[in-house]
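Visitor: Could you take me through one part of this model in detail, starting from a single residue and working outward to what surrounds that part? I would like a careful, connected account.

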Amino acid sequence: MNRDYPLERVRNFGIIAHIDAGKTTTSERVLFYTGAQHKIGEVHEGETTTDWMEQERERGITITAAAITCFWTKTGEPDKKDTAKKYRFNIIDTPGHIDFTAEVKRSMRVLDGAIVVFDGVAGVEPQSETNWRYADEAKVPRVCFINKLDRTGASFENSYKSILDRLSPKAIRMQIPIGEESAHEGVVDLLAMKAYAFGGDMGENVIEGEIPENLAAAAKKHRGELVERIVEQDDAAMSAYLEGKEPPVEELKAILRKAVIANEIFPVYCGSALKNRGVQLVLDAVVDYLPSPLDLPPATGTNPKTGEPAERHASDDEPFCALAFKLQTDPFVGALTFFRVYSGTLSAGSYVYNSTVGAKERVGRIVRLQADKREEVQQVFAGEIAAAVGLKETKTSHTLCDEANPIVLEEIKFPEPVVSLRIEPKTKADQEKMGIALRKLADEDPTFRVTTDEETAETIISGMGELHLEILVDRMKREFNVTADVGKPQVAYRETILGSAETEGKYIKQTGGRGQYGHVKIRMKKLEPLVEGAKIAKNVTREDHFEFINNIKGGVVPQEYIPAVEKGVREAMARGILAGFPVVDVSVDLYDGSYHEVDSSEIAFKIAASMAFRDAAQKAKPVILEPIMRVEVVVPEQFMGDITGSLSGKRGAIEGMEDRGMNKAVHAKVPLSEMFGYTTTLRSMTEGRGSMTMEFDHYDVVPTNVAADIIASRK
Ligand code: GDP
């Protein structure tokens with residue numbers, strides 16, 4: 001079977017935004033204009049296409065990262081009835097809320113480009129900055145859309161300036177608005193030097209016209225800037241331009257396309273999704289400037305057999321390789337594994353190799369989700385996004401490939417969870433259901449963890465924020481019918497050491513019968529970050545937060561007991577040193593010890609290792625670590641003093657302030673433990689006029705007096 005459309009007509013992209021900027025509304029319009037959907041659901045009624053989960057409806061936020069396929073014909077071109085002749089859009093949904101970092105990160109990894117939506121009143125908001133950073137990390141080409149220009153207080157200039165100041169000086173306006181606030185009517189395209197208005201009930205008729213007189217001068221000036229920025233990207237065009245010969249529009253567009261794909265220019269568009277103005281021109285920009293899979297560098301990874309680097313190009317002729325980026329339960333089809341194909345093809349009913357875990361998987365069916373239907377496909381090709389039914393072992397971020405040509409693609413790195421809470425099933429029956437439910441949810445979401453308190457045997461769940469956990473608990477109750485009592489959110493503290501120590505651990509019992517004999521000597525120090533490109537020696541196990549070095553010479557501790565020693569150390573780490581929080585970032589070097597022919601056993605060595613760890617850790621300056629959050633509070637000026645005062649009182653470090661429209665924005669780093677319930681405090685302090693966002697920044701050592709309180713409260 002061959003592909004039914006050329007790869008250069010595919011665009012895999014996401015629509016990303018600060019919550020409330022209008023992502024859902026914009027997505028709705030995209031689905032409408034691409035013909036996938038004929039009725040537009042109002043957001044407040046929760047009838048949107050991507051928000052199918054019940055609780056998403058209630059909360060009005062998009063949590064899931066479903067991929068939707070739709071088809072587009074560019075404005076001004078004759079409508080192509082046959083979808084195979086159109087541009088194929090695979091839109092990867094990204095969540096707006098900061099707590100869903102994992103979702104945002106993993107979608108960034110599989111999308112090739114993005115439309116970034118901004119609120120034309122607020123301009124750049126904290127989540128826009130966070131998303132922009134993630135997109136920078138993943139080198140995702142972007143076009144910007146300044147939305148809501150019809151709203152009172154909207155300003156294209158201010159929003160545009162906030163993008164330049166706070167996100168990137170590489171942004172450049174492609175349009176200027178015709179009117180703002182209630183006078184907003186359309187946009188001027190600076191390359192074409194045409195005006196556009198949008199007729200029909202849903203703005204589906206794009207009407208091209210001449211630029212209104214009052215905007216002629218501004219359009220000319222801004223076009224000059226735009227053309228200059230474009231020709232700067234190309235030496236030949238630049239020399240021609242300097243000689244007074246402006247390249248034709250088609251050539252300018254070609255140069256701009258290259259620059260956008262190289263992350264050298266971010267084109268800025270504007271309009272109002274709600275009032276149906278401007279979205280079609282942004283879709284044209286997706287076609288014109290965002291990359292097709294062919295424009296991207298090859299996917300890179302390692303060959304698991306040889307350990308050598310490997311790469312795959314976007315070609316159907318290369319061996320199959322894909323990244324699973326999302327597990328989702330579809331109410332109609334069942335459990336779906338969404339994957340992005342980097343190379344080769346995959347057929348329904350065939351087998352695929354999961355190289356991350358080394359398992360062969362049968363692909364039952366392959367489906368593509370469209371706004372209004374689930375299309376079953378026989379085969380998927382390089383560059384596509386689809387979902388498989390029937391995979392059992394495959395989780396988020398696993399690689400699927402051809403068994404004969406294995407590759408493990410680079411993993412998606414996720415941040416560590418910072419908030420945790422205790423959860424207790426109401427009945428015995430719930431106990432079992434809860435175990436299954438939590439395991440499933442953790443499989444879907446790598447920033448959600450489930451652990452058991454060693455002492456109380458209670459279940460503890462951890463995640464990225466209060467909302468994150470609240471939603472997961474909600475899903476557990478609804479989707480799995482588990483009833484449970486849920487504790488208060490707690491800070492996920494950790495422990496570590498600042499110094500180093502050397503010690504021995506002996507577990508010896510030799511009175512009558514068979515005895516016990518385990519004896520180890522260890523050195524412990526702080527784990528140093530790996531130097532880039534460094535090879536890990538054969539005798540070392542290394543993970544993100546732990547390293548174990550086996551330096552035993554001459555079998556003084558027999559090889560068969562070494563895994564037990566490592567296990568003993570790990571168990572002691574999980575139990576903590578000062579207050580029972582998990583220990584991170586230590587390197588343990590087992591360098592000596594002894595054994596007994598008869599009495600030695602795995603258990604004896606495990607206990608000896610745990611004892612040695614505890615002793616060494618006590619001597620190696622143990623400390624408690626706490627998550628420090630990056631906080632941004634936006635308030636009217638008169639409340640500034642109160643806000644900075646209250647944040648400082650919370651052990652916060654104020655890092656800066658700036659104007660944000662009519663308000664002031666305060667940036668601070670504050671320990672998470674001080675921030676629970678701050679939204680309520682803020683509301684009452686500012687008569688409901690302040691708003692706040694917060695995001696994990698880093699872990700830091702807890703001051704001694706605070707640590708003493710934490711330790712006391714855990715006794
Ligand atoms: P999301 O949280 O980014 O998905 O944002 P939504 O699309 O749900 O929009 C948030 C609110 O802003 C909703 O009440 C929308 O009706 C409204 N909204 C979205 N786009 C526009 C727009 O262009 N103009 C105006 N005035 N309101 C809009």
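Guide: Bear in mind throughout that this is a predicted model. A good place to begin is Ile 163, which, once its neighbours within four places in sequence are left aside, is in contact with Phe 118, Val 124, Cys 144, Ile 146, Ser 168, Ala 171 and Val 268. Ile 163 belongs to the largest nonpolar core, a set of 102 residues, and together with Phe 89 and Ile 115 it touches the most other members of that core. Helix H9, spanning residues 279-289, supplies the largest share of this core, namely eight residues. Because domain 1 (9-295) and domain 2 (299-409) both contribute residues to the core, it lies between them. There is also a second, separate core of 47 residues, with Leu 625, Ala 668, Val 670 and Val 702 among its members.

Turning from the cores to the ligand, one finds 16 residues surrounding it, of which the closest are Asp 20, Lys 23, Thr 24, Thr 25 and Asp 150. Helix H1, which runs over residues 23-33, gives the most to this shell, with three residues. Backbone atoms also take part in the surroundings of the ligand: a polar backbone atom of Asp 20 is 2.7 Å from a ligand oxygen, a polar backbone atom of Gly 22 is 3.0 Å from a ligand oxygen, and a backbone N or O atom of Ala 273 lies 3.1 Å from an oxygen atom of the ligand. Of the 580 Å² that the ligand exposes when taken alone, the protein buries 81%.

How values were computed: Residues numbered from 1 in each chain as written. Predicted model: local features only at pLDDT ≥ 70, side-chain atom pairs only at ≥ 80, totals over all residues. Heavy atoms only, no water. Core = buried A, V, L, I, M, F, W, Y, C linked by side-chain atoms within 4.5 Å. Buried < 20%, exposed > 50% of the residue type's maximum accessible area, 1.4 Å probe, protein only. Helix = DSSP H or I, 4+ residues; strand = E, 2+ residues; numbered from the N terminus. Domains from an automatic or database assignment. Contact = heavy atoms within 4.5 Å. Near = heavy atom within 4 Å. Polar contact = N/O pair within 3.5 Å; in protein donor to acceptor, adjacent residues only side chain to side chain. Areas by Shrake-Rupley, 256 points an atom, 1.4 Å probe, with all protein chains shown as cover.
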